[in-house]
Amino acid sequence: MKLTELLKSVDVKNEYTDCDAVEVTSDSRVVKEGYLFVCIKGAMFDGHAVAKEMLEYGAVAVVVDHDLGLDRQIIVDDTRAAYSVICANFFGNPADKLSLIGLTGTNGKTTTTFLIKQILENVGKKVGLVGTVQNMVGDEIYPAHYTTPDPHELQSLFRKMVDAKCEYCVMEVSSQALAQGRVAGINFKLGVFTNLTQDHLDYHKTWENYFAAKRMLFENCEIALTNVDDEYGLKIVEGLPCEVKTYGVKNLNSDFTARNVMFSSSGVKYELVCERIGTVKCPIPGRFSVYNSLCAASAALVLGFEIEDVIGAIARSNGVKGRIEVVPTDTDYTIIIDYAHSPDGLENIITSLKEIAQGRVVTLFGCGGDRDRTKRPKMGKIAAELSDFCVVTSDNPRSENPDAIIEDILEGMKDTDTPYEVVVNRKDAIRWAMENAQPKDIILLAGKGHETYQILPTGTIHFDEREVVSEILSEK
């Protein structure tokens, strides 16, 4: 593809010689003869440092954000934003042929995107999905490396969706992806806000930066659907030109409301009130399932689908791996795996389990290393105050000492009366919880969710909690 075609809609600051490029990349490790290399400055590595070397490797040109004095340089203001547009051009701008639904927020994105996909498929639409657990083109599954992929992978997925005759794509849009310009230049038919609580401050540094990143989604969507029960629900769309629709449980003046909510161990039931009234039965238990299913239903209704089709699809939903997932054990206690890894996420899942528990709620959890340390005592306090018993262990310690992470967690538990056990090795911790379980207990394995690995100071190992539970049971 010609450079002029790749750079369409990119504001180039200098003259350059047009030529063919066979591929585009921002990864210096894969550059070959004929590639266009885009220099991006990251936290640990700046592509500008190897721009000259990339030309020597055979790159036809390098895209830079300042003059490096190179013969085949293309200067732009923002290489991240430019890379997103370049990748879209390279794959033929496939997003223009899809109705894109983007969800952002701290909690609920994954389950809600799956619910929206299931609703749209229920009415005969072919749908793609981009998210934390997996990427999908119709029923075909592709592995997910990030919640929102880098522009090249994302546009490649869009291309596959278009070629497979998908009409819609529903995707999780992370705050990091928004801040890094991974979705720059992409227009969303519908942007959805779920909620905003503390997370990812290790990356964004300040709450203001985190909020500003989330808001960027709504600067580029036609319609915004926002949770007005959240204190940031209206602030995040304030002053923007898009049409705004609202949903909520507490705010009865919202466009879509859940009333007469009932909880059970088999799910939630409520009346969905909008221009019409319908009864929603969602087979995923927990208070947050009301918000997730209400959000998904509201999104489908905003897009013009019939309420009967919407509530029928929700009733048949299968749930999502790693989200309030019950692990088969054939024991007199229950094991549930959930991805909750933030203070708010942990509070939501434990509170929901307490509403349906017949015995104790035993929460096994840890906190990630090389991440926001201020979350650790908060999560310890929440777990201790809401659970009947806690098992404190490791999550993904990464380069940090697991014992030091646990000490931070315990700081938040010291003023509570809840009994707890510390078992640093996560597999041993799960074994301890199972061996000490009482009849009708719910053992919550929080933090890992869909992940099938653990990142230790010594490296990454395979770690699937479903397999761990099965192995421990087989030992008996």
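Reader: In β11, which residue is the bridge partner of Leu190?

Author: This is a predicted model, in which local features need pLDDT of at least 70, side-chain atom pairs count only at pLDDT 80 or more, and totals for chains, interfaces and linings use all residues. Residues are numbered from 1 along each chain as its sequence is written, and side-chain values use heavy atoms, with hydrogens and water left out. Strands β10 (residues 188–193) and β11 (residues 221–227) run parallel and are joined by 5 bridges, strands being DSSP runs of E with at least two residues, numbered from the N terminus. Within β11, the bridge partner of Leu190 is Ile223.

Reader: Why is one side of β8 and of β15 left without a neighbour in the sheet?

Author: The open sheet has 11 strands with mixed pairing, in the order β8-β7-β6-β9-β5-β10-β11-β12-β13-β14-β15, where two strands pair if DSSP finds at least two bridges between them. One side of β8 (140–143) and of β15 (277–282) lacks a neighbour because these strands stand at the edges, each with a single partner strand.

Reader: Which helix contributes the largest share of the largest nonpolar core?

Author: A nonpolar core is a set of buried (under 20% relative accessible area, 1.4 Å probe, protein chains only) Ala, Val, Leu, Ile, Met, Phe, Trp, Tyr and Cys residues joined through side-chain atoms within 4.5 Å. The largest one has 67 residues, and those with the most contacts inside it include Ile101, Leu272 and Phe365. Its largest share, 9 residues, comes from helix α9 (residues 287–302).

Reader: How many residues does the other core, apart from it, have?

Author: Leu154, Leu157, Ile186 and Val237 are among the members of this other core, which has 32 residues.

Methods:
Helix = DSSP H or I, 4+ residues; strand = E, 2+ residues; numbered from the N terminus. Buried < 20%, exposed > 50% of the residue type's maximum accessible area, 1.4 Å probe, protein only.
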